[in-house]
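Reader: Please show me the model and go through its chains and the contacts between them.

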Amino acid sequence: MNHLRGVYTIWYRDILRFWHDKMRMISSITFPLLFLFVFGSGLSARMGVLGPGIDFTQFIFPGIIGMTVLMSSFMAGVSVVWDREFGFLKEVLVAPISRASVAVGKTLGSATVALLQGLLILLFAPLIGVSFTASTLLVLLPLMFLLAVSLGSLGVLLATRIRSMEAFQATMQMLMFPMVFLSGAFFPLQGLPAWMNIMVKFNPATYGIAPIRQIILGTDPNLSYSYNINLFGQTLTVWNEVAILAIFGVIVILLAMWSFSNQE
Amino acid sequence: MKDYIIKVENLVKRFSELVAVDNISFCVEQGELFGFLGPNGAGKTTTINILCTLTKPSSGRALIDGLDVVRQQSQVRQLIGLVFQDPSLDERLSGLQNLRFHALVYSVPASVREQRIEQLLKMVELWDKRHNKVQTYSGGMKRRLELARGLLHHPKVLFLDEPTLGLDPQTRNRIWEYVLELRQREGTTIFLTTHYMDEAEKADRIAIIDYGKLIAIDTPGKLKKVVSKDVISLKTDDNARAAEEIKVRYQIEARHDGDGLCFEVNNGEEFLPIFLKEFSTKILNVSLRRPSLDDVFLKLTGREIREEEVNDQFKTMVRQHGRRMRR
Ligand SMILES: Nc1ncnc2c1ncn2[C@@H]1O[C@H](COP(=O)(O)OP(=O)(O)O)[C@@H](O)[C@H]1O
Ligand SMILES: [Mg+2]
């Protein structure tokens, strides 16, 4: 009971703050949209098809959704560092709610926001000629949420150890951009140079973006095609990928809960 | 044996080399207004942080209402209210939202929540501003909001860490009115730290702390008896010679106090006229006063507590300013 209340109150406050901050909503989707339309329009003609009837813009669309979710979910960590900087974290740490539940609440708060932003991007699907059904959406939502929770808890974990805003932001840049660029968001996973192949396979975001792409672009029987990851000579299924992402997510969130409880 | 609400036994806190709290023991009774007095860096905040479960002690133990602050953290947290030395509000939310958050976290029953919030916001005169974001509040308003928040869940013990630091005299008085009123009405135990002497005098008992060590603990009245005598301050055109003359004539060691001297005598009213008649160094001005806690502190530590004050306020200002800039 105590734990649920903690998760809920922390989640609620982050949502409330986000609601007050409409600029953040707009600014955080302009960058991905710029990417989608500028890169998409600029490169589509040259890149040819990257799947059955799939041009470059359509190919990167799921990647852009994944990128939006990933970048937005990292805000969980920023929010912890921010609260520490402005003193509010002390109010939270002396409150009679467990610290593990604070870590979870922070993660879920930013994951909710990330999900909303991912959905906003999804609304642009018709503009680039991608169609999806209600049942696709039903599979997509939990998948996006899982990606957001897994990477959001990584942000929280880092925030328990990296105290200053400056250091945290620097770490985030160092982590976030490689994670986005080496996730297959913008290119097919086949035929990569060996070093890149290894990094892509080690990147947890890869296991969120591949299934998102498969579900958005590859489930229509007319367009059926595999965008999945090839690991040790085996092509994974969507479920394999989700399982790998989930295992990563569970480990990181447990670490984040533990680390949050053991900080001064 | 009496029931103590706060019990501290041989508490030590080390930060690598530095001993911030050095083997402190004391008890606070239920309903007491207990003051922790000491200069900047004495270890007051560190002690409060240990008592409110934010920092783990290096050794020793502390109990709040019989509950151990290390092993029974969550029960202790429910019992205490806090006003931190540094701001701890969510500036992006309104005053009302800050209090609602607090009520939720401390499970204040929904049936009394709104009514209590209204009552407290009216008490600290922020009811009209309740929908404004905390960002727009002045320093004094923020402090008052924090005080209201600290009381919202009816804590048994309220910790106030330098609650009036950096505030103007009017706001300081206002905050003191609330604190004294609260104590009268609810019988809340109040643990307060300050380095303002005049504030410490309002406490039932005071502990004086310096370099992490507890050097005295008693009622303000009894502490002043340490100095037991009246204090004469004087300015002369040659302080060194005057000090020498006082030593020779009365066998009293005078202390340098700012650009003057001061010394203690048993019966000031009778001493002063004689002194003025027979003293040969030229006196520029002279005053006689009853001992204050300043004198007690000076006597016990050989230093003035006031010296740091200006410096300290400046630091607070710079810090708050710096934060604003970074945003
Ligand atoms: N987290 C910390 N790490 C290292 N030193 C600290 C820390 N917190 C406080 N100190 C040091 O401990 C001493 C006591 O500090 P503090 O309790 O804040 O004093 P006060 O509140 O009486 O001004 C100071 O010398 C301070 O620099
Ligand atoms: Mg302090």
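Author: The questions below deal with each chain, then with one residue and the interface.

Author: This is a predicted model, in which local features need pLDDT of at least 70, side-chain atom pairs count only at pLDDT 80 or more, and totals for chains, interfaces and linings use all residues. Residues are numbered from 1 along each chain as its sequence is written, chains are lettered from A and ligands numbered from 1 in the order in which they are written, and side-chain values use heavy atoms, with hydrogens and water left out.

Reader: How many helices and strands does chain A have?
Author: Helices (H or I, at least four residues) and strands (E, at least two) are DSSP runs, numbered from the N terminus. Read from that end, the order in chain A is α-α-α-α-α-α-α-α-α-α-β-β-α. The count for chain A is 11 helices and 2 strands.

Reader: What radius of gyration does chain A have?
Author: The radius is taken over C-alpha atoms, and the globule rule is 2.2 Å times the number of residues to the power 0.38. For 264 residues a compact globule would come near 18 Å, so chain A agrees with the rule at 19 Å.

Reader: Is A:Met67 buried or exposed?
Author: A:Met67 sits in helix α3 (residues 56-73) of chain A. Not counting residues up to four places away in sequence, A:Met67 touches A:Phe31, A:Pro32, A:Phe35, A:Val180 and A:Phe186, where contact means heavy atoms within 4.5 Å. Buried means under 20% relative accessible area, exposed over 50%, and partly exposed in between (1.4 Å probe, protein chains only). The relative accessible area of A:Met67 is 2%, so this residue is buried.

Reader: What share of the accessible surface of chain B belongs to carbon and sulfur atoms?
Author: Accessible areas come from the Shrake-Rupley method with a 1.4 Å probe; for residues, only the protein chains shown count as cover. The surface of chain B comes to about 15,300 Å². For chain A, which exposes about 11,300 Å², carbon and sulfur supply 73%. In chain B the share is 48%.

Reader: Which three residues of chain B supply 23% of the area that chain B buries against chain A?
Author: In this interface, 31 residues of chain B are in contact with 26 residues of chain A. Buried area is the accessible area (1.4 Å probe) that two parts lose on being put together, summed over both; between these chains the figure is about 2,700 Å². The three residues that supply more of chain B's part than any other three are B:Leu54, B:Arg77 and B:Phe101.
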